[in-house]
Amino acid sequence: MNSSKIFHSQTQNNPNDPENWQKELACGISDIATLYQMLGLSLPDDVHTPKKFPLKVPTAFVAKMQYGNENDPLLRQILPSSQEQQLIDGYTTDPLAENHHNPIKGLLHKYKNRVLLTVTGACAVHCRYCFRQHFDYSANIPTKTVWDEIINYITNHQELTEVLLSGGDPLSVSNRKLTDWFGTLSNIAHINTIRLHTRLPAVLPNRIDDALLDLLAHTNKSVVMVLHINHPNEIDDVLKEKCRLLRQAGVTLLNQTVLLKGINDDVQTLCKLSHTLFEVGILPYYLHILDKVQGAAHFDISIEQAVDLYWQLLENLSGYLVPKLVQELPNRPYKTPVNIHQSRLT
């Protein structure tokens with residue numbers, strides 16, 4: 001049993017209301033006791049309520065969780081844990097050394113032919129393994145003046161062919177702001193592709209509204225949307241329909257998954273995820289080793305375990321359903337493929 005019926009009245013607002021998704025976002029759950037009550041769970045004595053990076057989750061995502069299951073794989077991704085307080089060697093607040101590739105406030109130029117813009121620090125959900133949970137967004141959200149500097153930087157760097165909109169989550173900002181960014185980037189001739197990295201379609205599917213679809217359909221650049229989906233239970237009929245509309249608007253849909261201990265670190269779950277993604281029109285793209293961010297060590301698995309899982313995926317999936325096994329390492333100008341020929345567990 002899942003909790004979708006319980007939240008039906010809260011998640012089915014007027015679909016013609018242009019602010020529908022923003023109302024849902026504003027009504028997200030930030031109180032742990034409320035979350036436990038909604039899921040029919042008893043509140044434990046040792047609840048961890050962090051002041052920084054607190055609980056934040058839309059009701060639409062809670063609706064996909066299994067009622068009464070304290071080990072639900074979606075719940076575990078967003079529920080604060082006392083394990084986050086443990087300081088583990090090798091896990092840092094800036095695991096990708098992004099501060100070293102930040103020539104302008106709000107712009108990261110780590111890869112040769114593309115730049116990443118942190119257009120917002122806001123996100124609809126606080127995933128407990130987020131590699132940017134300690135990121136200083138206050139120092140990296142571009143103002144109007146800085147935005148002009150960013151556009152000049154992109155315009156003057158002819159080697160750039162792609163711009164990534166990130167954050168936070170770029171879809172947590174208004175359609176008006178997205179229209180401004182798309183319009184400006186569309187005027188730069190050497191930019192071929194605009195890429196959006198987002199969790200919102202999975203956690204707040206109503207964000208894919210008519211205005212956004214119209215914007216994406218009428219841009220003169222190729223648009224790629226990389227969704228962040230870690231478990232097949234995140235994919236339901238609502239997301240399936242949103243993906244159909246995105247593809248109809250000409251958007252290429254890819255997915256990246258983070259390997260998370262106790263959530264998706266088994267071949268059955270990962271195979272089901274790849275099949276379900278493909279059924280709704282999303283191509284499995286990356287399978288990430290966890291970024292070693294402080295507070296998330298309890299989600300990590302060893303490289304050996306990851307490699308063993310990957311061989312099992314190769315044995316059980318068609319090649320186009322197997323995402324690339326990668327890890328992002330600091331000061332590397334690319335995502336690093338994991339050597340799958342290193343020692344296996346079996």
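**Strand pairing, nonpolar cores and aromatic pairs**

In the predicted model, Gln 327 of strand β8 stands opposite Thr 336 in β9. Strands β8 and β9 (residues 336-337) run antiparallel and are joined by two bridges. Strand β8 (residues 324-327) also pairs with β7 (residues 283-288), here in the parallel sense and over three bridges. Within this parallel pairing, Tyr 286 is placed opposite Lys 324 of β8. Between β7 and β8 the chain passes through helix α12 (residues 303-316), and the resulting β-α-β crossover is right-handed.

Taken as a whole, the chain contains 12 helices and nine strands. Of its 346 residues, 54% count as buried. The accessible surface amounts to about 15,900 Å², with 49% of this area belonging to carbon and sulfur atoms. When contacts between residues at least 6 apart in sequence are considered, 81% join residues at least 24 apart.

In soluble globular proteins, nonpolar side chains tend to be buried together. In the present model, the largest nonpolar core comprises 78 residues, among which Ile 154 and Leu 165 touch the most other members. The greatest contribution to this core comes from helix α6 (residues 144-156), which supplies six residues. With residues up to four places away in sequence left out of the count, Ile 154 touches Leu 107, Val 115, Leu 160, Val 163, Leu 185, Ile 188, His 190 and Ile 191. A second core, separate from the largest one, consists of 18 residues and includes Val 267, Leu 287, Ile 301 and Tyr 310.

Four aromatic pairs are present in the structure. For Tyr 129 and Phe 299, the ring centres lie 6.0 Å apart and the planes meet at 85°; since an angle over 60 degrees counts as edge-to-face, the pair is therefore assigned to that class. This pair connects distant parts of the chain, as its two residues are 170 residues apart. Tyr 129 lies in the loop between β2 (114-118) and α6, whereas Phe 299 lies in the loop between β7 and α12. Both Tyr 129 and Phe 299 are buried.

Another aromatic pair is formed by Tyr 285 and Tyr 286, with a centre-to-centre distance of 4.0 Å and an angle of 35° between the planes, a tilted arrangement. Tyr 285 has a relative accessible area of 19% and so is buried, the cut-off being under 20%. Tyr 286, at 12% relative accessibility, likewise counts as buried. Tyr 286 is also the residue that stands opposite Lys 324 in β8.

Terms used: Residues are numbered from 1 along each chain as its sequence is written. This is a predicted model: local features need pLDDT of at least 70, side-chain atom pairs count only at pLDDT 80 or more; totals for chains, interfaces and linings use all residues. Side-chain values use heavy atoms; hydrogens and water are left out. Two strands pair if DSSP finds at least two bridges between them. Helices (H or I, at least four residues) and strands (E, at least two) are DSSP runs, numbered from the N terminus. A crossover is right-handed if, with the strands pointing away from the viewer, the path from the first strand over the helix to the second runs clockwise. A nonpolar core is a set of buried Ala, Val, Leu, Ile, Met, Phe, Trp, Tyr and Cys residues joined through side-chain atoms within 4.5 Å. Buried means under 20% relative accessible area, exposed over 50%, partly exposed in between (1.4 Å probe, protein chains only). Contact means heavy atoms within 4.5 Å. Accessible areas come from the Shrake-Rupley method with a 1.4 Å probe; for residues, only the protein chains shown count as cover. Rings of Phe, Tyr and Trp (its six-membered ring) pair if their centres lie within 6.5 Å; planes under 30 degrees apart count as stacked, over 60 as edge-to-face and the rest as tilted.
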